[in-house]
Amino acid sequence: MRYLLPLSLLVFAAASGPTTAATFGKCKFDKQSFAFAGTPAEQASCLLRKVKILGNVDAAPAQLPANLAGFIGKPVTVSKAKLRQAITAAGLTEAGVGGSLDDPLSRGNTNNPNAPQARYFVIHDTSTPNLVNEPFPADIDTSNRVNRLDRYHDATDAKAHIFLNRKGETYVGHKLNVPWRATKLEGTIGTLSRGMFIHIENIQPRRKHPSQPDGNAPTPGFSSTQYDRLALLYLVASTRAGTGLVPAFHAAMDEGISNGHDDPQNFSLADFDAAFGRVLAGMN
Ligand SMILES: [Zn+2]
């Protein structure tokens with residue numbers, strides 16, 4: 001999750017060349033439409049390209065798994081009563097998933113009423129704590145040292161909307177109706193993008209690696225409970241939007257921008273999709 005200062009628009013425009021349309025990032029965010037290029041499914045295929053070590057992102061579009069493919073960009077019709085039951089069953093509250101299900105999400109251009117509502121659900125890993133020379137602990141998914149959320153507490157400047165640990169607990173840094181930026185790409189686009197992206201940080205420790213600035217990631221990268229809760233958060237945010245949000249990996253967004261990030265590492269789209277299928281099945 002390294003925090004980075006935004007590049008100036010001028011630097012990016014110069015790098016794009018004078019004849020190139022003013023889009024941003026490999027997936028081509030367009031300021032006119034407040035969206036990346038293509039249909040919502042095509043955008044997801046670009047934004048979910050696999051993230052490899054050192055933040056190298058697969059060139060090939062991701063193959064969308066079935067549950068996500070049937071949901072992204074489509075109207076969301078789940079019952080809020082059922083969703084509230086699922087939140088309670090997960091040991092969470094509406095406050096713990098980013099605010100009331102009756103509230104809309106943030107809007108673009110810093111909650112400008114004329115801008116569209118958030119469309120993107122950005123998946124991060126915290127890359128912390130870094131255990132340096134120690135091995136990952138056997139109890140990585142439950143250990144307090146790895147999973148404590150208080151290190152991310154910040155009353156005004158938390159780096160994401162929601163932090164999710166490997167036990168399935170959350171810390172809400174900003175409610176989902178608060179416009180908040182957490183990627184280099186958003187900084188490059190400018191304030192117009194502020195509010196179009198919902199940011200979820202998943203706790204993932206790292207350890208020292210001589211040639212990887214953020215260190216080695218564990219395998220598997222995330223716990224099954226984390227996938228279950230992330231899927232629930234995705235349904236919550238999409239329900240508030242009224243439309244299946246486009247999921248995105250931070251590194252795929254920032255690809256091609258200098259000093260971009262390498263997260264999330266070892267993220268299984270198949271495991272996330274399976275978890276999402278279970279959440280959806282609970283809505284019937
Ligand atoms: Zn990130």
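## Where β4 meets β6

Let's start in the middle of things: strand β4 (residues 162-164) runs parallel to β6, and 3 bridges join the two. One of the residues involved is L164, whose bridge partner in β6 is N202. Keep in mind that this is a predicted model.

On β6 there is another pairing to look at. Strand β3 (residues 120-125) pairs with β6 (residues 197-202) in the parallel sense, over 6 bridges. Here F121 stands opposite I198 of β6, while D125 faces N202. So N202 turns up twice: as the partner of L164 and as the residue opposite D125.

## The whole sheet

Now step back. These strands belong to an open sheet of 5 strands, in the order β5-β4-β6-β3-β7, and the pairing is mixed. At the edges sit β5 and β7 (246-249), each of which pairs on one side only. From one strand to the next, the twist averages 25°.

Helix α2 (residues 40-47) lies across β3 and β7, and runs at about 15° to β7.

## How hidden is β6?

Is β6 buried or exposed? Of its 6 residues, 6 are buried, so the strand is largely enclosed by the rest of the structure. Its side chains go two ways: F197, H199 and E201 point to one side, I198, I200 and N202 to the other, and all are buried. Notice that the list takes in H199, E201 and N202 along with F197, I198 and I200.

## A stop at T170

Over on edge strand β5, T170 is worth a visit. This residue lies in β5, which covers residues 170-172. The side chain of T170 reaches the backbone oxygen of G96 at 2.7 Å.

G96 also shows up among the residues T170 touches, leaving aside those up to four places away in sequence; the others are L92, L149, I162, F163 and L164. Three of these names, I162, F163 and L164, take you back to β4 (residues 162-164).

## Two nonpolar cores

In soluble globular proteins, nonpolar side chains tend to be buried together. The largest nonpolar core here has 68 residues, and the members that touch the most others are F29, L83, F121, Y234, L235, F267 and F272. Helix α8 (residues 224-241) gives this core its largest share, with 10 residues.

Take F29 as an example. Not counting residues up to four places away in sequence, its contacts are A22, T23, F24, F34, A35, F36, Y120, I189, L192 and F197. F197 is one of the buried residues of β6. There is also a second, separate core of 9 residues, including L149, A158, Y171 and I203. L149 is one of the residues that T170 touches.

## The disulfide

How many disulfides are there? The count comes to 1. C27 and C46 are the two joined, S to S at 2.0 Å, and the link is left-handed, with -90° about the S-S bond.

Where do the two ends sit? C27 is in the loop between β1 (23-24) and β2 (29-30), and C46 is in helix α2, so to speak a link between distant parts of the chain, 19 residues apart. Both C27 and C46 are buried.

Key: Residues numbered from 1 in each chain as written. Predicted model: local features only at pLDDT ≥ 70, side-chain atom pairs only at ≥ 80, totals over all residues. Heavy atoms only, no water. Helix = DSSP H or I, 4+ residues; strand = E, 2+ residues; numbered from the N terminus. Polar contact = N/O pair within 3.5 Å; in protein donor to acceptor, adjacent residues only side chain to side chain. Contact = heavy atoms within 4.5 Å. Pairing = 2+ DSSP bridges. Axes fitted to C-alpha atoms, helices over the stretch in contact; angles between N-to-C directions. Core = buried A, V, L, I, M, F, W, Y, C linked by side-chain atoms within 4.5 Å. Buried < 20%, exposed > 50% of the residue type's maximum accessible area, 1.4 Å probe, protein only. Disulfide = S-S within 2.5 Å.
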